[in-house]
Amino acid sequence: MTLQQEIVGNAMQMAVVNLQPGQTVYCEAGKFLFKTSNVTMETRLSGPSGGGQRQGQQGGGGMGGMLRQAMGTAMQVGQRYLAGESLAFQYFTSQGGEGTVGFAGVLPGEMRALELTGSRAWFAEKDAFVAAESSVEFGIAFQGGRTGMSGGEGFILEKFTGQGTVIICGAGNFIDLNPADFGGRIEVDTGCVVAFEEGIQYGVERVGGLNRQGIMNAVFGGEGLSLATLEGHGRVILQSLTIEGLANALKKAQGGDKQGPTGGLFSTHAG
């Protein structure tokens with residue numbers, strides 16, 4: 001059953017989802033805006049495939065099935081805790097007719113509905129997830145230690161698999177690119193990556209060498225020591241505003257800019 005949704009607004013968009021009778025959509029805690037009275041709301045620690053009624057049925061009855069279900073839920077919660085994500089999901093189901101639910105992100109920017117066919121997964125930056133059909137599975141993907149420690153934002157990614165619609169959000173405006181259209185590789189600020197399809201190779205590399213120009217780039221360029229690299233053929237979504245850039249602009253407007261004139265390497269932004 002296709003999820004009927006409409007993304008409305010400009011600077012701070014929201015997603016309005018129309019649910020058919022019995023249809024369920026879930027969101028990260030804190031992304032819910034409004035619902036009609038015939039839509040029920042339930043908060044669970046488990047994702048749509050890890051805990052909940054369906055897994056309980058598949059895991060069999062008795063203490064063994066309950067223990068497997070509890071362990072699966074605990075593992076999911078543990079992963080989300082390590083990733084800094086919300087520990088719980090909210091589930092919305094329409095009862096006795098069509099229903100409507102509204103969702104939004106937490107930063108001024110765009111939203112995008114991605115259609116998963118089951119052939120390719122999607123990866124997104126932390127906190128990009130807004131809502132999805134119950135047929136879409138939410139997971140956490142940990143990048144390799146070297147990539148993660150270098151890339152900051154790229155260490156932990158959200159992963160979406162299955163079939164159905166997933167709605168993501170970002171800051172500022174979006175641009176869709178395919179590295180294959182630019183010689184197979186693009187290099188971007190690590191904070192500008194919103195999402196990309198499975199098959200895209202994500203990495204992080206140092207900006208320049210350990211020479212005079214490399215040090216100038218890191219200290220005065222505002223990018224720090226690393227850039228994200230995206231290679232291959234597939235969709236990539238970038239955002240025009242980074243969370244760090246927004247935070248620094250707010251600090252500066254309030255007279256509390258700790259970054260100083262050099263930026264980059266000397267930034268004291270704690271993320």
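**Salt bridges, strands and cores in a predicted model**

Student: Which residues are linked with Glu110 in a network of salt bridges?
Tutor: A salt bridge is a side-chain nitrogen of Lys or Arg within 4 Å of a carboxyl oxygen of Asp or Glu. This is a predicted model, where local features need pLDDT of at least 70, side-chain atom pairs count only at pLDDT 80 or more, and totals for chains, interfaces and linings use all residues. Residues are numbered from 1 along each chain as its sequence is written, and side-chain values use heavy atoms, leaving out hydrogens and water. Glu110 shares its network with Arg112, Asp176 and Arg235.

Student: Are Glu110 and Arg112 buried or exposed?
Tutor: Their side chains meet in a salt bridge at 4.0 Å, N to O. Buried means under 20% relative accessible area, exposed over 50%, partly exposed in between (1.4 Å probe, protein chains only). Glu110 and Arg112 are both buried.

Student: How many residues apart in sequence are the parts tied together by Glu197 and Arg120?
Tutor: The closest N and O atoms of this salt bridge are 3.2 Å apart. Strands here are DSSP runs of E, at least two residues; helices are runs of H or I, at least four; both are numbered from the N terminus. Glu197 lies in strand β15 and Arg120 in the loop between β8 and β9, so the tied parts are separated in sequence by 77 residues.

Student: What is the relative accessibility of Glu197?
Tutor: Its partner Arg120 counts as partly exposed at 32%. Glu197 counts as buried, because its relative accessibility is 15%.

Student: Which residue is the bridge partner of Trp122 in β15?
Tutor: Two strands pair if DSSP finds at least two bridges between them. β9 and β15 pair in the antiparallel sense over three bridges. In β15, Trp122 is partnered by Glu197.

Student: Which residue in β12 does Glu125 stand opposite?
Tutor: β9 and β12 run antiparallel, joined by four bridges. Opposite Glu125 stands Leu157.

Student: Which strand gives the most to the largest nonpolar core?
Tutor: A nonpolar core is a set of buried Ala, Val, Leu, Ile, Met, Phe, Trp, Tyr and Cys residues joined through side-chain atoms within 4.5 Å. The largest has 21 residues; Tyr26, Phe129, Phe160, Val166 and Ile168 touch the most other members. Strands that each supply at least two residues include β9 and β15. The top contributor, with four residues, is β12.
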